[in-house]
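Let's take a walk through this one together. Have the viewer open and follow along as we go from place to place.

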Amino acid sequence: MEEKIRALKEQLEADAAAVRSKDELSAFWQKYLGKNGSVPALMKGLRDVPKEERPAAGKTINECKTWAEARYQQLSDEIERIELEARNKAEAVDITLPGTRREMGNLHPITLVKNQIVDVFAGMGFEIYEGPEIEDDDHNFTRLNVPKNHPARDMQDTFYVADDIVLRTQTSGGQIRVMDREKPPIKVLVPGRVFRSDSDATHSPMFHQMEGLVVDKGITLCDLQGMLDKFVQALFGEGVKTRLRPSYFPFTEPSVEVDVSCFECGGKGCPLCKHTGWIEVLGAGVVHHSVLENCGIDPKVYSGFAFGIGIERIAMLKYGINNIGLLFENDLRFLKQFKD
Amino acid sequence: MKVPFSWLKEYVDIDVTPEELERKLFSCGFEVEEVIHLGAEISRVVVGVVTEAVPQEGTHLHVCKVDCGEYGHDIQISTGAPNVYVGMHTPAALDGATLPGGIKIKAKPLMGVESNGMLCSGEELGLNDDLYPGAEVYGLLDLPKDTVPGADIVPVVGLDDCIFDISITANRADCQSVLGIAREVAAVLNKPLKMPAIDYATSDYRDPRLSITVEAPDLCPRYLGHYVRNITPGESPRWMKRHLALCGLRSISNVVDITNYVMLEIGQPMHAFDMSTLESCQIIVRRAHDGEKIVTLDGKEFTLNPNNLVICDGAKPVALAGVMGGLNSEITDKTTQLLFESAKFARDSIRKTSRSLGQSTDASSHYEKGVSEYTAELGMARALHLIQELGCGEITASAFDVSAGAPREGKHISATISGINSILGIQVPGDAIVDILTRLEFQVTRDGDRLEVVAPRYREDIEVGEPDLAEEVIREYGYEHIVPTFLKAATVTTGGLTPEQRRRAKVKQVLCAQGFYEAETLAFYADDDLDALHIAADAPERNVIRILNPISSNLTIMRPLLAPSMLNAAVINLKKGNASGRLFELSNIYIPKQNPVTELPEERLHLGFVAWGDEEDFFMVKGAVEALGEQFGLEFDYQRAAGTPWLHPGVSADILCQGKKIGSFGKLANDVTAELKLPKDSKSHQNIYLGEIDYVAFSELINPNLHYKPIPEFDIVSRDLALVADESVSCGDIVKEMRKACSYVGEIQLFDIYRGEQLGDGKKSMAFTLHFVPADKPLESAEVDRFVKKILGNLKYRLGIEIR
């Protein structure tokens, strides 16, 4: 019996080494562990063993069966592994082939910049108000302290649609509409399209502005600069500073022009800042008493500041766009670049 | 505003460099746009003394030896100038010199003779007679004999000067003059201002015939006139010529130069009438009669109306007030007596006249910005002083001052130091405030915190009170003293976007996700753009707002539709070779309430979109529209588009939502496409899809209150049905019928359309998956069978559809 088992084991090992597929594995099982396989045959052969040797022989046969089954399991796992490997190999793809997708569009750079500005100020508690683009003379000029014969009317080339109705030349009229509706505390941002009869590399007859207005008790010029500092840092980076210098707008007094330290060169001087270290970005000032009075707000009690940002100018600075016309041409090769 | 540095120095003892002054002016609100250094282009040009001048035979040249001091005592230079002589002091450009206009001088043989430079004329140095007498002589510039050989020529001829080109803000009309800027310079440098002399003596002579009447005091609040006789016409003195020349004006004659000089120096436009031409020695300031004509000094004839102010004599207009004098009363070299005019005219009137006649002059531009009565007085006095100084006329006692009665004092302001500081947010010391205001020629009386201030009469921009003073103080004190604070005292507010504002942002996101790029087009276009879309002349879209003063003929109307803008954007892209693409825009259209416009029109947000390229088709675009609805929980219905002549009648749809039309989209109509200005060979131009949705209508239909619906408890049962229908039956009809037949029908998916011989002509097979949604108990198979039977029955009965 010992001899028989040894021979069987030898044969089994030899056959096992030849198994390469599931089918062969199945044949292997049939040959050794199937109903009529060699191992059950050993069991059957037990009958021919002398009685006194049977327990020992039975034990040996059982051990052989356990060993054969373990060997089969081992073989089966191996085949499973080989086949999985082969399948994986067959299914492998060229991962460098391009992906399949629906092209996504993106927002216009003007919207991107507008959204960024709105985000900054919304976080500071500003509301967003959008006034009419076609505006009456009263809101666009007169109540902003620009009466009919005022020289400031010459600062802007106005489009008229009727004697007293214009395409708004500035979002500043939004100040008046907001102050007519609400009383202080007021913090509002007025983004929108504005129109002026002007067209060249830096002027478009239609462009976008964002007016900001704060009216409350005890508002000062220091607050204006503090808020603008936060704003330019959010837009252009941490280290950027503002500089105020005297200017003139009819609806603010004092009026200032606001420059930011050049975010390209850090103020050392470069072509972007025309070697001055500063870039003009917006106009601002303390709200003129007449403007407050025109809206029924007592300038003895309340004060405020206002600022006006040219969105195209910011977009051009931020993205290095050198011609305003590109913003309104809508060439896809241009638009597709703004994944910001 | 151009201001010569040397002229400024006559009023203020400037002890800083031009660059330093530029920075100071910038900090107090006067941006110097450019500092023009007159001699900047000249280098290596020195005084040379001609020690030898030998005519070169057979040529017009002289071969000279020139003493150039330290640069060499016998430099050989050839010259073709006829006026060269031995002993002449003249500018010598040495080898390697540069001259105005970038001209470079090199040593090289001239007609075979060595020449180590060039002797220069005045013109070659950029001079004229006004800047340097004798500069326009034909030939070399003959310099005085006391000039030193080898000395740099730039200071010798007075080109060591610079011109400040200063931008003046609209409120500072008082700075439109050298004196005005000098006042600011004096204040910022804290130096005294030396006022120009304005004293003069008059003779006893008075002409009794002379009279001045102002009939339009609203347009002419002040009119000063002074009669000067025994004029001796002649040249102006050298200093006056030079000042004029530095500001770009040529000298004409003493009297004319005085008027120009006063305008530059004081900022007061002056006019001089030849008295002998004034009919009945009268001046009448009045509105022009309708149709009245005048020929101005430049020979142009204008037809006037009562909006124009004119200066007339007893019979006719002799000047267009504040703009230009009349040719009929011009000062000539025969003039022996004149009437000086120094006036204040209403700036709006001058602006309107100047604009409407297209006649703009230095005078009109001064008046448009504003001239104060103080300036008018000062200008007249200065002009008369100059007559006396030049000794070119007798200042008579016939002086006129016609006033509308405005008070002759500066604006009075009561203020407090604390009030000024509360605007600024910093503590500027009271003494500093008083000092600054005083330097700016405000009269200040201080009593503790209280200030009584009188503004200078020329500061007509000072109006309100404390804020004006705060502005004056901080621009001199320095904005660098402002300490940024972050709304120290302000109330906390919530702010943020409204739901509607967030919704617009989401609409844009959805469109981007569908492959559309956001476009930004101009809000105006022209009638042509509506024509291009074949919009009928009587269509409602033709009721548009017209711009009264358009910038160009293709931007004349405020858009009533986005579609033309979208189409134009696509066409521009196709022309640039972008063969496919998708664009959208969420922008206003404009609907007049009446025409012509008398009140603010309706501005309505529309969503426009365009898709073009070989790969686009109706259903791809429709998919995007469906996605838009779905993202806002809306379901759209579609019906054949009507009233959109620019869309293909068979490949376009109106979008309906809850029974309301909210927009339309589809393929661009063939006849519209055919007319597009695109190259014939570009295939993609055949495939453009345009859409426009009334965003306001869309937005109103969105349910703002989203609520969770429980997930169905029971399984949905699906059945596939293949149906054979006539070609004329639309998918929409079938779906509608299915839903009508059975209330359990949920989603219906069309998954196949087939046309083939075995179906027969004019037939199509459509395969649907129907989803039956259980309500409160599971759906039994037999039940669903009954639903299907009912649906099929209805389809057959109503639409003649068979099951396949």
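**A walk through the two chains**

Start in chain B, at B:Asn230, which sits in the loop between strand E11 (222–229) and helix H5 (238–246). Keep in mind that what you're looking at is a predicted model. The phi of B:Asn230 is near 55°, a positive value in a residue other than glycine. Is B:Asn230 buried or exposed? Neither, quite: it has 13 other C-beta atoms within 10 Å, so it counts as partly exposed.

B:Arg44 is another non-glycine residue with a positive phi, of about 55°. This one lies in a strand, E3 (residues 43–55) of chain B. B:Arg44 has 18 C-beta neighbours inside 10 Å and therefore counts as partly exposed; the cut-off for buried is 20 or more.

B:Tyr132 does pass that cut-off: it has 22 C-beta neighbours inside 10 Å, so it counts as buried. You'll find B:Tyr132 in the loop between strand E8 (117–119) and helix H3 (153–156) of chain B. Leaving aside residues up to four places away in sequence, B:Tyr132 touches B:Gly122, B:Leu127, B:Val157 and B:Gly158. Try finding B:Trp239 from here as well: it is 107 residues from B:Tyr132 in sequence, but the two C-alpha atoms are 9.9 Å apart in space.

How far can you trust what you see in chain B? Its pLDDT averages 93, and 99% of the residues score at least 70. Among the elements of chain B, the lowest mean pLDDT, 87, belongs to strand E37 (residues 802–803), and the highest, 98, to strand E24 (residues 517–518). For the model, ipTM is 0.86 and pTM is 0.85.

Now cross over to chain A. The contact takes in 80 residues from chain B and 72 from chain A. Which element gives the most to chain A's side? That's helix H8 (residues 221–236) of chain A, with 8 residues. Sorted by class, chain A's side has 34 nonpolar, 20 charged and 18 polar residues.

Within chain A, look next at a pair of helices. H3 (residues 38–45) and H4 (residues 54–91) of chain A pack with their axes 10 Å apart, at an angle of about 170°. H3(A) and H4(A) are therefore roughly antiparallel to each other, since angles over 145 degrees are counted that way. From H3(A), the contact uses A:Val39, A:Leu42 and A:Met43, while H4(A) brings A:Ile61, A:Cys64, A:Lys65 and A:Ala68. By class, that comes to 6 nonpolar residues, 1 charged and no polar.

Further along chain A there is an open sheet of 3 strands, in the order E2-E4-E3, with antiparallel pairing. Strand E2 (134–136) and strand E3 (160–162) stand at the edges with a single partner strand each, so one side of each has no neighbour in the sheet. From one strand to the next, the twist averages 35°. E3(A) and E4 (residues 165–167) of chain A pair over 2 bridges, and A:Tyr160 has A:Val166 as its bridge partner in E4(A).

Two cis peptide bonds are worth a stop. One runs from A:Pro184 to A:Pro185, with omega near 5°, and A:Pro185 is in the loop between helix H7 (173–181) and strand E5 (186–195) of chain A. The other joins A:Glu253 to A:Pro254, with omega near -5°; here A:Pro254 is in strand E8 of chain A.

That strand, E8 (residues 252–261), pairs with E9(A) in the antiparallel sense over 8 bridges. One of the partnerships to look for is A:Ser255 with A:Gly285 of E9(A). E9 (residues 278–287) of chain A is mostly covered, with 8 of its 10 residues buried. E9(A) is also joined to E10 (residues 303–310) of chain A by 5 bridges, again running antiparallel. There, A:Leu282 has A:Ile309 of E10(A) as its bridge partner.

Finish at helix H10 (residues 311–319) of chain A. Its buried residues are A:Ile311, A:Glu312, A:Ile314, A:Ala315 and A:Leu317. What covers them includes E9, E10 and H8 of chain A, along with helix H5 (109–123), strand E6 (206–216) and helix H11 (326–329). Just after H10(A), A:Gly320 takes a positive phi of about 70°.

Key
Residues are numbered from 1 along each chain as its sequence is written. Chains are lettered from A and ligands numbered from 1 in the order in which they are written. This is a predicted model: local features need pLDDT of at least 70, side-chain atom pairs count only at pLDDT 80 or more; totals for chains, interfaces and linings use all residues. Two residues are in contact if their C-beta atoms, placed from the backbone, lie within 7 Å. Helices (H or I, at least four residues) and strands (E, at least two) are DSSP runs, numbered from the N terminus. Ala, Val, Leu, Ile, Met, Phe, Trp, Tyr, Cys and Pro count as nonpolar, Asp, Glu, Lys and Arg as charged, and the others, Gly among them, as polar. Axes are lines fitted to C-alpha atoms, for helices over the stretch in contact, and angles run from 0 to 180 degrees between N-to-C directions. Angles under 35 degrees count as roughly parallel, over 145 as roughly antiparallel, 65 to 115 as roughly perpendicular and the rest as oblique. A residue is buried if 20 or more other C-beta atoms lie within 10 Å of its own, exposed if 12 or fewer, and partly exposed in between; C-beta atoms are placed from the backbone. Two strands pair if DSSP finds at least two bridges between them. pLDDT is the predictor's confidence in each residue, from 0 to 100.
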